[in-house]
Amino acid sequence: VGDGLDSLVAKDLLQPIVARWTARRRVVRLVASREYAFKHALIQEAVYGSLLKKTRRDIHADCARVIERRFAGHLHDAYGMLAYHYLRADSLEKAEEFTLKAGELAARTAASHEALRYFREAYRIYQVVHGTAGDDEKRAMLEKNIAQALFNTGSLSESVEHFDAALALYGQWLPKSRAALWLKFGLDITGLLVRLYAGKHRAGTRDRPHDQAIVEILYNRAR
C-alpha cells in the first residue's frame with residue numbers, strides 16, 4: 001500500500017499532509033503517521049465518478065468498518081468521517097447515529113454552525129429511514145437539537161419554530177405570549193422539583209425522562 005501511495009504522490013495525484021485531525025476531515029489515513037489527500041478536487045471527482053455506484057458503496061462501507069476498528073479507543077475523533085462514509089454506503093441507520101454524535105460533539109465544543117449542519121442532516125436521514133412513522137421523542141430530541149443550534153448561532157426566530165415543534169412532539173401546550181410562556185416555565189420547573197423531591201422520599205418514584213428537556217426548551221424559548 002505504501003509503495004502505491006508513493007507512486008501516486010510521484011505522479012502528482014496525491015500529496016502527503018500534516019496530520020491535524022478533526023471530525024470533519026475526509027482524508028486517507030492508512031498508516032498511523034502518514035496522511036494523504038488528493039492534490040486537486042477535480043482529480044478526486046474524476047476518480048470517484050469513474051466508479052460504479054455499487055463499488056462506491058462497498059468502498060465507503062469498507063472504509064467505515066476500518067475506521068471503527070482503528071479508532072475504537074477514541075471513536076469521537078472520527079464521528080464526522082464515519083457519518084460521511086456510512087451515508088455514502090447507504091447504511092442510513094449508522095449514518096444517522098454518527099451524524100447525530102458528530103453534531104453533539106460539535107455542540108459541546110461550541111461549534112454551533114457545524115452542529116446545526118450535522119443535526120439537520122441527522123433529522124433528514126431519520127425522516128428518510130422512518131418516514132411518517134418513528135418515535136416522537138426521538139423527533140422531539142432532534143428538533144430540540146436543531147433549535148438550540150439555531151439559537152446559539154443567533155437565528156432566534158427560526159429557533160422558536162423548532163422549539164415549538166419539539167414541545168408539540170412532547171405533547172406540551174404551547175403558550176402564545178411571553179408572559180404565558182414564563183408562567184408555564186415556572187409551573188413546569190415547580191412540578192419537576194416536586195417530583196424530584198418526592199422521588200427522594202418515596203421508593204419507585206421517577207421523573208419522566210423528557211421533563212428536563214421540556215424545561216430546557218421552555219427556558220431557552222422564553223429568553
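Read along the sequence, this protein follows the pattern α-β-β-β-α-α-α-α-α-α-α-α-α. What you are looking at is a predicted model, with 10 helices and 3 strands. Of the 223 residues in the protein, 36% are buried. Among the contacts with a separation of 6 or more, 50% join residues that sit 24 or more positions apart. Let's take a friendly tour, starting with helix H4 and moving on to its neighbours.

**Helix H4 and what covers it**

- Is H4 mostly covered or mostly open? Helix H4 is mostly covered, since 9 of its 10 residues count as buried.
- The buried set begins with Tyr 79, Gly 80 and Met 81, and also includes Leu 82 and Ala 83.
- Further along H4, the buried residues include Tyr 84, His 85, Tyr 86 and Leu 87.
- Which helices do these buried residues pack against? They pack against H3, H5 and H6.
- Just after H4 comes Asp 90, a residue with a positive phi of about 60 degrees.

**A salt bridge that reaches across the sequence**

- By the rule used here, the count of salt bridges comes to 9.
- One of them brings together the side chains of Arg 57 and Asp 90, with 4.0 Å from N to O.
- Arg 57 belongs to helix H3 (residues 53-70), while Asp 90 sits in the loop between helix H4 (79-88) and H5, so this pair ties together parts that are 33 residues apart in sequence.
- How open are the two partners? Arg 57 has a relative accessibility of 32% and counts as partly exposed, whereas Asp 90 is exposed at 52%.
- Asp 90 is worth finding on the structure: this residue has the positive phi just after H4 and also forms the salt bridge with Arg 57.

**Helices H5 and H6 side by side**

- Two packed helices are described by the angle between their axes and the distance between the axes.
- For helix H5 (residues 92-108) and helix H6 (residues 112-130), the axes come within 8 Å and cross at roughly 160 degrees.
- Angles over 145 degrees count as roughly antiparallel, and H5 and H6 are therefore roughly antiparallel to each other.
- Is the crossing of H5 and H6 left-handed or right-handed? The crossing is left-handed.
- On the H5 side, the residues that meet H6 include Leu 92, Ala 95, Thr 99, Leu 100, Gly 103 and Ala 107.
- On the H6 side, the partners include Ala 115, Tyr 118, Phe 119, Ala 122, Ile 125 and Val 129.
- Sorted by type, the residues of the contact of H5 with H6 divide into 14 nonpolar, 2 polar and 5 charged.

**Salt bridges inside H5 and H6**

- In H5, Lys 101 forms a salt bridge with Glu 97, and their closest N and O atoms are 3.1 Å apart.
- Lys 101 and Glu 97 are 4 residues apart in helix H5, so about one helical turn separates them.
- Both ends of this pair are partly exposed: Lys 101 has a relative accessible area of 28%, and Glu 97 has 31%.
- In H6, the side chains of Arg 124 and Glu 121 meet in a salt bridge at 2.9 Å, N to O.
- Arg 124 and Glu 121 are 3 residues apart, about one turn of helix H6.
- Arg 124 is partly exposed at 39% relative accessibility, and Glu 121 is partly exposed at 23%.
- Glu 121 plays two parts in this picture: besides its salt bridge with Arg 124, Glu 121 is one of the H6 residues that meet H5.

**Links between distant parts of the chain**

- Gln 148 is found in helix H7 (residues 136-152).
- Is Gln 148 buried or exposed? Gln 148 is buried, with a relative accessible area of 16%, because buried means under 20%.
- Leaving aside residues up to four places away in sequence, Gln 148 touches Phe 163, Glu 216 and Asn 220.
- Leu 156 has its place in helix H8 (residues 156-169), and Leu 156 is partly exposed, with a relative accessible area of 46%.
- How far apart in space are Leu 156 and Arg 221? Although 65 residues separate them in sequence, they are 8.7 Å apart, C-alpha to C-alpha.

Conventions
Residues numbered from 1 in each chain as written. Predicted model: local features only at pLDDT ≥ 70, side-chain atom pairs only at ≥ 80, totals over all residues. Heavy atoms only, no water. Axes fitted to C-alpha atoms, helices over the stretch in contact; angles between N-to-C directions. Helix = DSSP H or I, 4+ residues; strand = E, 2+ residues; numbered from the N terminus. Parallel < 35°, antiparallel > 145°, perpendicular 65-115°, else oblique. Left-handed = near helix turned anticlockwise from the far one by under 90°. Contact = heavy atoms within 4.5 Å. Nonpolar A, V, L, I, M, F, W, Y, C, P; charged D, E, K, R; others polar. Buried < 20%, exposed > 50% of the residue type's maximum accessible area, 1.4 Å probe, protein only.
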